[in-house]
Structure formats: structure tokens, C-alpha cells
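User: Please take a close look at one part of this protein, beginning with the pairing of its strands and moving on to the spaces around them. I am a first-year student, so a connected account would help me.

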Amino acid sequence: MKIVVCNTYDELSQYIADRVASLVNEKPECILGLATGSTPVGAYEKLGEMCKAGKVDFSKVRSFNLDEYLGLTPDNDQSYRYFMNKNLFEKINIDINNTRVPSGISEDPDKMCKEYDEAIDAAGGIDLQLLGIGENGHIAFNEPASQLYSGTHVTDLTESTIKANSRFFEKIEDVPTQAVTMGIGSIMKAKSIIIAANGANKKAAVDVLRSGMIDTNCPASVLNAHRDVTLVVCGC
Ligand code: GLP
């Protein structure tokens, strides 16, 4: 695993934005795997600026997001679809029809999950997957457990994730208790992965990842079995 240590959040954001932009410039029809959370917001901001300055063109790019809260409609301002539209898609020249976020309101979530993985495969697979990391070591919403799912699936959120994510909601009771998430296998199929961690609250999880071990109680550590992972850290 390649490790990039940044001194500031701005540096971390610039690193991610540059990696995305150079892939898009090299392969205009690339498939991006995108993440939510506060960590990638700075990189998305920079990609918006780069796109505006004509330094990168997203018109042929397609994207797949990692996850979505179960029960939230796309227009709910806490949904990940809403987050992506606001923080990235409205700032770049991507065709919104080429962006996919798992549905949180599907009548048949299992079928939707299967079709989501099939759509990624049919698109040729994800070229570059961006990931954040939960305080408990989760990636997307793959929570610590003795067994991890391979494909996209519906999952219960742990107390710790509900608590951590409650900062975005008015009150903790508003945080959905379930989500749809790409599985570990769906993520590991990506050709290249960047996992970013910003802040001391991520240190424990990052330490497991850095140890080189694979521990399902820190789902991010499965990335140690991937050929092309860059861990970008700041303050942890
Ligand atoms: C959520 C998302 C994850 C993300 C994590 C960390 O739980 N499902 O994909 O990595 O939050 O978020 P943050 O970057 O805000 O710390």
C-alpha cells in the first residue's frame, strides 16, 4: 500500500483532486467510484474549480456511489444523492444521467443491489474508487463484523456509526438505522483505490490498516489484499 502523509486537509484534498483529474484526462470515459462524508468534500470543491477553469472535463465520465441511507428519498437533504448533487455533480460538467447512487427507497432492495453490481460490471468496472473511513474502520457502510458481505446489500448501522453520523442530523433519532452499501467485493474489484483519513479520530482504524493485517473488525483492512491502494492521511 502506498501511503501519502499530508500536513493539511487542503493538501489531502489537492492530492485526491489531482489523482481524479489526471485519470479523467487520461481516460475521459472512465468510471469513478465516489464516496460521501466530510473527508472528500475538499477534493470535490477543488474538482469543481478545476472543471470551471477548463482543466478537466467530466462530460464522458460515469460514476457509482458507495452507499445510501435506507428510507431517504433523493430530495431529502440528508440523503447521499442530495449530498453528491450539491457537493460535486452541480459543480462539474458530468451528465447527471451518468451518475448512480444506490436507491434508498427501492421496493425490492435485494433486486436493486444485484442490479447495482451488475451495472458496475457492465460499465467495465470502477477505474478509481474513492473511500473515506469510519471511526470504527468501516468503508462505505460495511460495518465491523465477523463476516463481511461481498456484494451490494442492505445493512444495519452500528451504534457507533449512528452516533458519528448524527452530527449531520438535527437529532440522533433522525439518523436512519439501515443503509444500502456496496460490499467489500464490489469495492475490491475497483482497479485502483484511494482511501483518505483526516483527523485524530481516525487514528485507531488507520493503525489497523497500516499494520498490514486483515481484520474483519476493521473492514478497511481488507484493502491490504488489494494491489493498488493509496492511503492518504492527515493528522492520524
Ligand atoms: C459515512 C460513509 C462512509 C464514510 C464515513 C466517514 O459513514 N458511509 O463512506 O467514509 O461516513 O465520514 P467522514 O469522512 O465524514 O468522517
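Analyst: In this predicted model, strand E4 and strand E8 (residues 178-181) run antiparallel and are joined by three bridges. One pair of residues shows the arrangement: tyrosine 69 stands opposite alanine 179 in E8. In general, strands of a sheet pair through backbone hydrogen bonds, and the pairing may be parallel or antiparallel.

The two strands belong to an open sheet of three strands, whose order is E4-E8-E7 and whose pairing is antiparallel. Strand E4 (67-69) and strand E7 (153-156) are the edge strands, each pairing on one side only. From one strand to the next, the twist averages 25 degrees.

A further open sheet has seven strands in the order E1-E10-E9-E6-E2-E3-E5, and its pairing is parallel. Its edges are strand E1 (2-6) and strand E5 (99-100), each of which pairs on one side only. Within this sheet, strand E2 (residues 31-34) pairs with strand E3 (residues 62-65) in the parallel sense, over four bridges. Here leucine 32 stands opposite serine 63 in E3.

Strands of the seven-stranded sheet also contribute to an enclosed space. The model has one cavity of 30 Å³ or more, and the volume of this largest cavity is about 70 Å³. Its lining consists of Ile16, Ala35, Thr39, Pro40, Leu130, Leu131, Gly132, Ile194, Ile195 and Ala196. Strand E6 (128-131) and strand E9 (192-198) are the elements that give two or more residues to this lining. E9 gives the most, with three residues. By class, the lining of the largest cavity has eight nonpolar and two polar residues, and no charged residues.

The open spaces come next. The largest pocket has a volume of about 440 Å³. It is lined by 26 residues, of which Gly37, Ile133, Gly134, His138 and Asn165 are the closest to its centre. Helix H5 (residues 159-165) supplies the largest share of this lining, namely four residues. The lining of the largest pocket comprises 13 polar, nine nonpolar and four charged residues.

The second largest pocket has a volume of about 240 Å³. Among its 16 lining residues, those closest to the centre are Asp77, Gln78, Phe83, Asn87 and Phe168. Helix H3 (residues 80-87) gives the most to this lining, with five residues. Seven of the residues lining the second largest pocket are nonpolar, seven are polar and two are charged.

Finally, the model may be viewed from the side of the ligand. The ligand is surrounded by 13 residues, the closest being Ser38, Thr39, Asp67, Arg167 and Lys202. Two of these names have a place in the account above: Thr39 is also among the residues that line the largest cavity, while residue 67 falls within strand E4 (67-69) of the three-stranded sheet.

Three polar contacts with oxygen atoms of the ligand can be described individually. For lysine 202, a polar side-chain atom lies 2.6 Å from an oxygen atom of the ligand. For histidine 138, a polar side-chain atom lies 3.0 Å from a ligand oxygen atom. For isoleucine 133, a backbone N or O atom lies 3.3 Å from an oxygen atom of the ligand. Both Ile133 and His138 are among the residues closest to the centre of the largest pocket.

Notes. Residues are numbered from 1 along each chain as its sequence is written. This is a predicted model: local features need pLDDT of at least 70, side-chain atom pairs count only at pLDDT 80 or more; totals for chains, interfaces and linings use all residues. Side-chain values use heavy atoms; hydrogens and water are left out. Two strands pair if DSSP finds at least two bridges between them. Axes are lines fitted to C-alpha atoms, for helices over the stretch in contact, and angles run from 0 to 180 degrees between N-to-C directions. On a 1 Å grid over the protein atoms alone, a cavity is a set of points where a 1.4 Å probe fits but cannot get out, and a pocket is an open set with protein on both sides within 12 Å along at least five of seven lines; lining residues have an atom within 4 Å of a point. Grid points are joined across faces, edges and corners, and a volume is the space filled by probe spheres set on the points. Ala, Val, Leu, Ile, Met, Phe, Trp, Tyr, Cys and Pro count as nonpolar, Asp, Glu, Lys and Arg as charged, and the others, Gly among them, as polar. A residue is near a molecule or strand if one of its heavy atoms lies within 4 Å of it. A polar contact is a pair of N or O atoms within 3.5 Å; within protein, one must be able to donate a hydrogen and the other to accept it, and residues adjacent in sequence count only if both atoms are side-chain atoms.
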